[in-house]
Amino acid sequence: MKRSFALALAALFLFLLSVNSFSAQRKAEYGAGELFVSEDGLWRCEITGESSVSLYSGIMNLSAYNGDETVVKVPSKIDGYTLVSIGKYAFCDCERIVNIVLPDTVKEIGLGAFNNCPSLLQVVIPESVTKIDENIFDEQTSVKIASVKGSAAQVYAKNHGIQFVEIGTSSKAKTGWKNVSGCWFYYNEDGSMQFGWKKIKGKWYYFDDSGIMKTGWKHLSGEWYFFDSTGAMQTGWKSIAKKWYFFNSGGKMRTGWLASGGKWYYLKSDGAMATGWQKVKDVWYFFNSKGAMLTGWQKISNKWYYLDSGGKMLTGRQVIDGKVYYFDSQGRWIKLDKDSQKIVYITKTGNKYHYDPTCGNREYYTSTLSDALRRGLTPCEKCVHA
Ligand SMILES: [Zn+2]
């Protein structure tokens, strides 16, 4: 008799269970974007996909959690749906909550999820969470984030000055490279996260204080380095944003003069290779489009210049290969062969000569071009080099 009663109870239990799973199946008919309150009345949810939900709180300061527990272990499934994200303001205004444990089905935590939770001391965030809004807490200073080493939660805690409680090392990547939220990290043989410089398979990488692998420019110990998109430190010549730079074998960006492949180059103070005219310590030099310093006679923008063996642009009277040449103050050669007796115009006090006697509307006297040059006068920009 007792035994059959127990059997009947078991049958009733099974019946109730099937009714329950039937109602759960019915819930699965919600469409995307639909909202519902869980059967236990504790959760407000939004359907985000086929069989997944997000905790929902459409209106600010309206909690998605309706309970009043102090330690809340959020379920991974609500009425048959898998919880995949903690929606905006989901736990906002949950004044009693001290500790929240999120399930490892959650991938994302939204804006203000834990705003105005004055009692909150700790949020346990699983490794599955890879996307965390920049502001999931407000002014709470006492809250701690607990998660595994190498998780997005650890990076978040570091970047937001939140105390981090380590609860084990990532199970997925104990050693080697790991990508979290688009950032690369590296774990050493002992499972520790790599910070600073590290040579991996013959290439140097740099990991910042959060363990994030750096790409692009980085200023370290007073030197500039460049890491390409794979994080590898660059050496030698490198074109970056249409400018050429040179990094020595240690990866340090060079500035100033550089001898490379039998040619001289000049790297400006920002490291960019000079092309065209460049003034270095009051001397003008000319670099071709590939950055190589030129010497000797050069025709540049239809004017002749002479750059000595050190690349220095010459001015004034010069003897080159036994012949006398005149160059103006800007290094342009002044051809004198047939023009040396050309009449030029000079003021009494001026240090320029003019071709145009009305230039500047002043009183001029005449001279010959060769005389003017011998006296060191410079050509007028307006009428001579016009
Ligand atoms: Zn003039």
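Which residue of β28 stands opposite I320? Select I320 and look across to β28: the residue facing I320 is K323. The model on screen is predicted.

**Whole chain**

Start with everything shown as a cartoon. The secondary structure consists of three helices and 33 strands. Colour by burial next: of the 386 residues in the protein, 26% are buried. If you draw a contact map and keep pairs with a separation of 6 or more, 36% of the contacts come from residues 24 or more positions apart.

**The β27-β28 hairpin**

Return to the strands on either side of I320 and K323. Select residues 316-320 for β27 and residues 323-327 for β28. The two strands pair in the antiparallel sense, over five bridges. I320 and K323 form one opposite pair; for another, select G316, which stands opposite F327 in β28.

Now select the turn. Two residues lie between β27 and β28, which form a hairpin. D321 is in this turn, and its phi is positive, at about 50°.

Add residues 333-334, which are β29. With β29 shown, an open sheet of three strands appears, in the order β27-β28-β29 and with antiparallel pairing. β27 and β29 are the edge strands, each pairing on one side only.

**M313, ahead of β27**

Step back along the chain to M313. M313 sits in the loop that runs from β26 (303-307) to β27. Is M313 buried or exposed? M313 counts as buried because it has 21 C-beta neighbours inside 10 Å, and the cut-off for a buried residue is 20 or more.

Show the residues around M313. Beyond its neighbours within four places in sequence, M313 is in contact with W284, Y285, F286, Y305, L307 and G331. Put a distance label on the C-alpha atoms of M313 and Y285: they are 5.9 Å apart in space, while the residues are 28 apart in sequence.

**The β13-β14 hairpin**

Move to residues 176-187 and select β13 (residues 176-180) and β14 (residues 183-187). These strands run antiparallel and are joined by five bridges. Pick W177 to find Y186 of β14 opposite.

β13 and β14 form a hairpin with two residues between them, and S181 in the turn has a positive phi of about 50°. G182 is also in the loop between these strands. G182 is exposed because only 9 other C-beta atoms lie within 10 Å, and a residue is exposed at 12 or fewer. For a link to another part of the chain, label the C-alpha atoms of G182 and T130: they are separated by 9.2 Å, with the residues 52 apart along the chain.

**Nonpolar cores**

Finish with the buried side chains. In soluble globular proteins, nonpolar side chains tend to be buried together. The largest nonpolar core here has 58 residues, and L55, A90, F91, A113 and A153 touch the most other members. Elements giving two or more residues to this core include β2 (44-47), β3 (52-55), β6 (81-86), α2 (152-159) and β14. α2 gives the most, with five residues.

Last, select V344, Y353, L369 and A372. These residues belong to a second, separate core of nine residues.

Technical notes:
Residues numbered from 1 in each chain as written. Predicted model: local features only at pLDDT ≥ 70, side-chain atom pairs only at ≥ 80, totals over all residues. Pairing = 2+ DSSP bridges. Helix = DSSP H or I, 4+ residues; strand = E, 2+ residues; numbered from the N terminus. Contact = placed C-beta atoms within 7 Å. Core = buried A, V, L, I, M, F, W, Y, C linked by C-beta atoms within 7 Å.
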